[in-house]
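Visitor: Could you take me through one part of this model up close, the place where strands and chains come together?

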Amino acid sequence: MRLADARALLPDLVTVAGEPQADLRLVEAIAAWCDRYTPWVAIDPMGGAVADDIARACSTGGFGGDAGLLLDVTGCTHLFGEGEGESGERALLADLVTRLARRDLSCRAAMADTAGAAWALARFAERQADLFCPARGQRDALAPLPVEGLRLEAPILETFLKLGLRRIGDLYPMPRAPLVRRFGEQPVRRIDQALGRLDEPIEPRRLPPAFRTRLAFAEPIGRSEDVAAATSRLLAALCRQFEQAGVGARLLEIALYRVDGSVDRASIGTSRPNRDNPKLMKLFEEKLGELDPGFGVELMILSAPEVETWSGTQDALPHQDSPTVASGMDGTIDLADRLALRLGPENVVRLLSRDSHLPERVQVAATVATKPAAAGAWRRVASLKGARPTRLLQRPEPVEVTAFVPDDPPSVFRWRRHAHRIVRADGPERIADEWWRPRPDGSRPPAGTLPPVRDYYRVEDDDGGRFWLFRDGPYRLAANGQPTARWFVHGFCA
Amino acid sequence: MPVISPSAFAPPASGAANDRVVPLPASLREKVRRLERSNSVRRRGRAASVPLGIPAIDALLPESGLLTGALHEIEAGPAPSGRVAPHDGAALGFAAHLLGHFGPGTILWCRRPTGTFDAAPYAPALSAWFDPARLLMVTARRDEDLFWAMEEGLRCPGISAVVGETRAADPTAGRRLSLAAEKNGVPALLLRAQPAPPQSVCATRWRIASAPSCSTPGLKDVGAPRWRLELKRNRFGTPSAAETPSWLLEWNDETHCLAVVPEALHGSPGTRFEERLVG
């Protein structure tokens, strides 16, 4: 129905603009909040909020109207009631509904062995007691529900209704082969999925971490000291899990579930697998200050999304030449982790050498996590080259030069508004571009052309200052009589 | 505990009663300080000082070498003509020479880059003095972060030396660095591209300017790097005859030694190798 028609029928109709994006954000926030029950939470792909097509979403009840979340609570229910059995499942369901209701969110939650059965029950169960389906009871529970509960496509659904198949139970006695021939394999698959004869995987919203510990508080905590103490307890439990599994953490995430339903997260990374409780706690202490407990924290979950096999206390045999450097056993790695946490991982680097003739490509910055350079790698690179400057400019700076003879080193150069009279010069050292490597823009130099070259000179001015200059290409005159080559300063020598 | 008590720097109390003992406590305090310092350094299994290998300079320094548990400042001085130094390539070379002398281990190098005009230390050249694989380069956006990173590095047992490149002169940070260096026996170097207000607590302050090199006779080539080195401050060392002792040094890249060029022979290439001393 159009809005104009609706207004004609009911002049005092209250209208509100739909906000699909906001609805989606709300559903995502609720999904994040549901992490408190299980790490395996998915936004229901059949729900209205995620339908791409606005018209279709409106026809099926509107955005958010029938949005759904699927929670796989296998192995999580014992946290909410006594024992593994039904009491824990009932307690979880009741807890979920009460907590959502407390936030003025109306919801219907059903618990069943299969996602399909729970989906149908949550939408079409008539009595409150039917929402909880006991183990292996989905066949009887689904029988009285309408066929809409099978998540079928609209044309199939219409045909079913025309044929008088109104209840799911009506389909149970039907022979399967004609059903498939008449309607395709979807109805049979849906029935099998709902009854548990066919597996239906749920794709979690966030990949659940393999290692995870949680701590719920009877009374919400708000002081940062308490948060730190709780983190320390969680970390101790997680490190025991690591030891049993023989792994170490590369990434740890702490999530604070606040009483107002929002979640605050912080994560720390380490450059090599770590399960040393005090060291990890030290890294966390840097981050805990940024976490905001808000009005109080009722639940904390510490998880390790990234773990790696831990190779033991001794990581590598010390090198012969530099006994303590390569192994990192001397606390350097921990120092690098601490520095990287505060300054950013890209700001704490080691220098690796690269086989190249271009001065700016020889030195590569690599994060600490990468393998350190082999001992002596630098010596080999350095012995190949001529004298090099102690400082290299990020980008060469153009200079104005005066030269008596075009091909000679200049007699005077002007750099940053100061003239330097050159009294001594070494050179040229010709360095050609690496034609075998594609250019930064991905193109390759055309075949048959000479690669660009640079002629480097080490020069000394009358004050003793030593510079590393280069001429961009050989000396040549352009059509207008001006020389084409330009001069740059690229580094400062000792 | 090797902690300097603040009263150690206070002027001696001038009371009539202890007039006679005033000269004694000062020297005693110095003695105790030296004992403490070398103790704290030796406890970490490091030498208390590292000789530079240049007898003329080592003779002036305390314990005949550069103290390991101390803050040292290295600044690029103005050129001989008095102009502002265009760059600190020579100061960096001298700092690298010192770093090569401080035992094995990682070298923490903290910098504050200056945008697009930034000129970072270039590892192929530094490899003349030490293996650049030992470097841990840290880039800080603010001076507080830089000083914090330096202090963290001084406390780490695997670090053999900490270098900070900054223009900032923060007396509190300098004092904290000096204390951390003294406590852990790890040297801290402050490298400055321009002379800055001095840190009052540094053990030594050096000023280095590049000096004209000596060409091969008959050619106009660039010779071995020469530096004009001035010892502007020498806190625990022996006073020298000159107010600020100054030397002309030459770095030989082939033999890997730094040696004093005798001033009288300055520039006469025939005899300049005779006084070469191994460094």
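Guide: Sure, and one term before we start: two strands pair if DSSP finds at least two bridges between them. This is a predicted model. With that in mind, look at β7(A), which pairs with strand β6 (residues 135-139) of chain B in the antiparallel sense, over two bridges. Val348(A) stands opposite Val138(B) there, the latter in β6(B).

Now zoom out to the whole contact between the chains: 52 residues of chain A are in contact with 52 residues of chain B. Besides β7 (348-353), the elements of chain A that give two or more residues to this side include β8 (363-367), α15 (377-384) and β9 (391-402). The top contributor is α13(A), with seven residues. By class, that side of chain A has 25 nonpolar, twelve polar and 15 charged residues.

Chain A also has an open sheet of four strands, in the order β3-β6-β4-β5, with antiparallel pairing. β3 (211-221) and β5 (263-274) of chain A each have a single partner strand, so one side of each is left without a neighbour in the sheet. Neighbouring strands are turned by 15° against each other on average, direction ignored. Inside the sheet, strand β4 (residues 247-258) of chain A is joined to β5(A) by eight bridges, and the two run antiparallel. One pair to pick out is Ala249(A), whose bridge partner in β5(A) is Asn274(A). Helix α11 (residues 224-245) of chain A packs on the sheet, where it touches β3, β4 and β6 (297-309) of chain A, and its direction makes about 155° with that of β3(A).

Terms used:
Residues are numbered from 1 along each chain as its sequence is written. Chains are lettered from A and ligands numbered from 1 in the order in which they are written. This is a predicted model: local features need pLDDT of at least 70, side-chain atom pairs count only at pLDDT 80 or more; totals for chains, interfaces and linings use all residues. Two residues are in contact if their C-beta atoms, placed from the backbone, lie within 7 Å. Ala, Val, Leu, Ile, Met, Phe, Trp, Tyr, Cys and Pro count as nonpolar, Asp, Glu, Lys and Arg as charged, and the others, Gly among them, as polar. Axes are lines fitted to C-alpha atoms, for helices over the stretch in contact, and angles run from 0 to 180 degrees between N-to-C directions.
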